[in-house]
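Reader: I'm new to this one and a bit lost. Could you pick a single part, look at it closely, and then show me how the rest fits around it?

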Amino acid sequence: MSGEGAARLYANPGAFDVAPPSLRRGDQVNPVEFATHMERLGYVADDRVDEPGEVAVRGEVIDIFPADSGLPARIDIADGHIVGIRHYDAASQRTLEPCEVLEIGRASEPESHRHVTILAHLRPGRIYFSAKAEQRRKRFIRLATEASASSASAIDAASDALWAKDLAPWHMGDQGAFAVSSIPRFGEERSPLAALKRFAVPHLQEGKRLLLVGSERDVRFLRPKFAKTFQTAVEPIESIAAVEALSPNAIAGLVAPVTKGALSATLVLIAAADVLGSRALSNPGKGGAAAGLAHAGSDVRAGDLVVHEDRGVGRVLGLEPAPGGSDAEMIALEYAGGARRLLPSQEAGLLWRYGADAEAVRLDKLDGSTWSKRRGTIDEAVAQSARVLLQLALERDTVKAAIIEPDSAAYERFVSTFAFNETADQARAIQSVRDDLASGRPMDRLVIGDVGYGKTEIALRAAALASLAGYQVILAAPTTVLVRQHLETFHRRFADTGINVAALSRLSTAAEKKAAKEGLADGSIGIVIGTASVMAKDIRYAKLGLVIIDEEQRFGAADKAKLRGRADLHLLAMSATPIPRTLHRAMIGLQQMSVIASPPARRQPIRTSLSSPDDAMIRTALLRERTRGGQSFVVVPRIEDLASISARLARIVPDLVLIEAHGRMPVAAIDDAMVRFGAGQGDVLLATNIIEAGLDVPRANTMIVWRADRFGLAQLHQLRGRVGRGNRRGQVILLTQPGAIAERTVKRLRTLATYDRLGAGFGISAADLDQRGSGDPLADTQAGHMKLIGVELYQHLFEAALKEARGKDAGLWTPELNLGCAAGLPSDWIPDPDIRLGLYVRLSRLVDETGLEAMEEELTDRFGPLPLAAERLVAVTRIAILARAAGIARVDAGPAAIALTPRDATADLSDCPQLHRKDGRWLLKQQSDEADRLVKLATLLESLTTLDPQECSAA
């Protein structure tokens with residue numbers, strides 16, 4: 001526990017359950033009573049369970065995310081008993097692994113008086129104190145006492161007397177009992193295994209055991225190499241406890257998330273990372289984060305504007321039962337003049353969400369006449385862009401770049417100075433950059449990572465790879481504050497490498513600029529960090545190999561073009577919220593893209609809320625932050641607002657120390673203010689958005705944004721990233737004047753509040769792309785055809801145009817099915833209509849049977865066994881996939897016959913002997929009921945794709 005946690009007051013142990021509720025297979029459970037019990041424990045009902053403290057009860061499937069668990073769980077019920085419990089992935093909602101016992105911890109503390117310490121909740125034993133634990137405990141008590149005095153409230157901290165009373169039954173532990181020493185990083189040597197052997201053999205001769213630990217992949221890879229190196233078997237073990245049973249001198253392997261070895265009196269612990277260096281898989285993730293985020297915001301919901309491929313812009317009114325009272329559903333759409341159209345759910349794939357402001361859009365006419373004019377112009381523009389893109393790709397294939405591969409030992413020594421473990425996404429991004437630099441072709445990679453997610457480490461690794469290989473590196477940053485921060489980081493990390501790092505910005509003196517330019521010209525400076533001035537005409541580079549652009553969204557197109565420079569240079573751009581055009585370039589393949597979506601350990605989401613200006617609320621937020629030893633930001637949109645807000649803060653929080661920063665101050669004064677605040681001086685930094693990039697203040701956890709409606713979406717997300725960078729949850733309060741802002745602005749601010757989870761930057765960029773459009777990805781304009789039709793349909797049309805440009809079928813058609821069967825997703829199986837609507841869209845966009853099988857598996861996994869109507873929907877979807885593959889434009893099926901209309905009127909299906917041509921259609925006359933008809937039709941269509949006469953006969 002932390003010193004602060006030890007100082008707080010807690011409810012009596014008796015107010016809590018003796019043990020958390022636990023569930024096992026076979027337990028009896030009543031879903032209604034379970035939901036009520038969970039509500040008492042503080043759980044919140046939600047249709048999609050993906051955050052701790054949420055629960056969803058859907059008939060015989062219960063989803064719950066225990067507050068103290070790392071993963072949500074899905075509980076299957078049959079006949080009132082639990083038949084299965086499994087953990088699932090919060091993002092994909094898919095099953096990960098079975099669970100034997102599920103303990104459900106409280107999501108909120110019980111209502112009770114707080115008058116015991118945390119020790120009262122623990123069984124007395126041995127307790128160990130870190131060097132400053134007592135100091136932190138006492139500081140918290142002092143701050144709580146001061147806050148209580150100013151607000152006339154009770155002190156939320158345990159007195160020294162109470163702490164001593166609860167501590168009395170405990171025994172003080174001796175830190176010396178845990179004496180271990182570090183081991184060398186063998187991966188930094190030219191022959192890691194030989195270095196390991198020289199180190200470990202003397203310890204093995206003393207009778208110590210050697211244990212190899214790491215990911216499953218790394219342990220599997222290293223076990224035979226250890227066996228060969230030490231000439232002995234490497235025994236696999238399942239737990240750390242099994243080490244005690246090993247004989248002296250034995251060597252074993254254990255799969256465990258340990259990234260650094262150690263030496264004790266009885267054990268030599270070797271982590272795979274000690275031997276493999278940065279090649280070790282420290283955090284084996286599933287690698288699907290980027291793919292999942294790439295579809296952020298793609299669900300169609302009731303109330304959304306959509307574009308129908310054939311009829312244009314309309315509004316989704318919701319789902320309605322199909323005529324006839326069956327389980328089939330229709331999608332109700334509204335067009336100009338209040339006209340309505342019911343779309344069969346099987347045609348939902350023709351709908352594409354349109355993200356622009358509703359008030360700025362006119363609905364098209366129901367007959368599609370207004371849409372057809374725009375569609376023709378858009379198709380031609382998209383086709384032209386696709387042709388140009390293909391030409392660019394061909395030209396790029398001919399350009400060569402430097403092959404950058406540094407000495408591996410020198411690089412591993414640099415990597416070892418990173419004080420943390422790479423996240424899975426970080427490790428993938430680093431490996432991608434490394435592969436790009438060694439490919440011999442120019443790297444052009446965009447790294448998208450949320451604020452504080454470790455993009456700087458990607459830049460450091462890229463710079464190390466290039467500079468250690470003898471090439472010069474440019475790191476361009478948009479502000480002098482960010483330049484200074486990068487300079488300090490790079491100086492520290494490159495201190496022992498022999499690589500000289502210099503800076504070029506407005507803060508540089510004339511002498512520093514002259515020395516930097518000379519060093520770049522003669523090659524003695526390996527890395528230069530600066531604003532766009534690093535590409536000035538009077539600067540010459542001896543051997544430039546890599547350009548890194550940080551916060552690329554802050555640079556204009558002209559500056560980025562200068563920084564890109566020659567076509568044979570390697571380029572790495574980084575951003576938390578890339579501008580729509582940049583994001584679109586990456587999504588269509590003009591740039592490679594890496595997404596860092598996994599947060600650093602202990603990082604928590606920023607709580608974001610909308611509010612009106614209120615002195616009491618502002619005072620409470622700022623004082624609460626100071627009482628927990630933190631700092632706050634107050635951000636205003638204009639310099640003119642600073643004086644009035646400063647006076648207001650002086651009135652409502654007179655005891656807080658205020659520091660100001662804005663763009664009209666001298667550069668040195670801005671820098672000084674930022675550095676002082678970052679060093680812990682001052683309680684509140686009152687500033688304009690000058691702080692949005694680069695300022696790292698781990699103690700800052702609260703931000704108040706004045707007139708948030710005057711900031712852009714990406715700006716607000718960047719600002720939000722300034723808080724919560726430590727292990728405490730940050731909060732951002734967006735203040736707006738009620739009734740003074742447009743609905744589209746409110747929508748933008750709600751987007752930010754909605755995307756308050758970890759890794760939201762990509763989702764915000766996708767929403768921004770959706771709302772603003774991307775412009776021409778091959779030019780420098782920001783507005784473009786994407787604005788007219790929405791990002792998703794643009795992507796769809798662009799991919800089709802690329803296929804056509806390559807001489808392939810564009811695939812912009814969907815078979816028309818008239819099958820006369822009731823198919824759908826019953827509301828008693830999936831109650832939420834928006835989830836059903838989104839699933840209809842996904843199902844109708846499937847293009848192969850592999851995807852359909854995966855979708856069917858997901859439906860069963862998430863919602864339980866498929867009811868009959870859902871089984872029919874899956875069968876109908878399969879028929880649509882097979883018809884498309886066979887080139888059948890229309891399928892009509894009834895009790896007496898099946899009729900197929902080929903897309904190509906000249907198509908000859910006579911190889912299937914039971915088919916007969918009549919009036920442009922091919923008929924199969926055969927009596928069948930509804931269930932049998934779908935099976936026969938699928939068999940027939942499958943035979944047409946393989947041209948198998950035997951299967952035709954079977955149909």
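Author: Let's start with a word we'll need all the time: "buried" means under 20% relative accessible area, "exposed" over 50%, and "partly exposed" in between, using a 1.4 Å probe and protein chains only. Cysteine 99 counts as buried because its relative accessibility is 12%, and cysteine 821 counts as buried because its value is 17%. With a disulfide taken as two cysteine sulfur atoms within 2.5 Å, the count here is zero.

Keep in mind that this is a predicted model, where local features need pLDDT of at least 70 and side-chain atom pairs count only at pLDDT 80 or more, while totals for chains, interfaces and linings use all residues. Residues are numbered from 1 along each chain as its sequence is written, and side-chain values use heavy atoms, with hydrogens and water left out.

The part I'd pick is helix α27, which runs over residues 868–886. Helices (H or I, at least four residues) and strands (E, at least two) are DSSP runs, numbered from the N terminus; the chain has 29 helices and 40 strands. The expected span of a helix is 1.5 Å times one less than its number of residues. For the 19 residues of α27 that gives 27 Å, and its end C-alpha atoms are 27 Å apart, so the two agree. Just after the helix comes glycine 887, with a positive phi of about 75°.

Now look at what α27 hides. Its buried residues include Ala869, Leu873, Val876, Ile879, Leu882 and Ala883. Much of this ties in with a nonpolar core, meaning a set of buried Ala, Val, Leu, Ile, Met, Phe, Trp, Tyr and Cys residues joined through side-chain atoms within 4.5 Å. The largest such core has 52 residues, and the members touching the most others are Ile331, Leu819, Leu900, Leu915, Leu937 and Leu941. α27 gives the most to this core, with eight residues. Leucine 941 shows the link nicely: contact means heavy atoms within 4.5 Å, and, leaving aside neighbours within four places in sequence, leucine 941 is in contact with Ile879, Leu882, Ala883, Ala886, Ile888 and Leu900. Apart from this core lies another, of 38 residues, with Ile404, Ala463, Leu465 and Ile527 among them. In soluble globular proteins, nonpolar side chains tend to be buried together.

A little before α27 in the sequence there's a charged pair worth a look. A salt bridge is a side-chain nitrogen of Lys or Arg within 4 Å of a carboxyl oxygen of Asp or Glu, and the model has 44 of them. In one, the side chains of arginine 842 and glutamate 858 meet at 2.9 Å, N to O. That pair joins helix α25 (residues 833–844), which holds arginine 842, to helix α26 (residues 849–863), which holds glutamate 858, and the two residues are 16 apart. Arginine 842 is partly exposed because its relative accessible area is 36%, whereas glutamate 858 is buried, at 7%. Glu857 and Asp861 belong to a salt-bridge network that also takes in Arg58, Asp63, Arg74, Asp76, Arg86 and Arg94.

For contrast, try a pair inside one helix. Aspartate 379 and arginine 375 both sit in helix α9 (residues 369–397), four residues apart, or about one turn, and their side chains form a salt bridge at 3.0 Å, N to O. Aspartate 379 is partly exposed, with a relative accessible area of 29%, and arginine 375 is buried, at 14%.

Another helix, α18 (residues 642–652), holds isoleucine 645. Isoleucine 645 is buried because its relative accessibility is 6%. Its C-alpha lies 8.4 Å from that of leucine 686, although the two are 41 residues apart in sequence. Leaving aside neighbours within four places, isoleucine 645 is in contact with Val634, Val636, Leu686 and Trp706.

Stepping back to the whole chain, 49% of its 955 residues count as buried. Among contacts between residues at least 6 apart in sequence, 72% join residues at least 24 apart.

Finally, how far to trust the picture. pLDDT is the predictor's confidence in each residue, from 0 to 100; the chain averages 82, and 85% of the residues score at least 70. Two stretches to treat with care are residues 284–298, under 50 with 25 contacts beyond four places in sequence, and residues 754–784, also under 50, with 110 such contacts. Where pLDDT is low, the predicted coordinates should not be read in detail.
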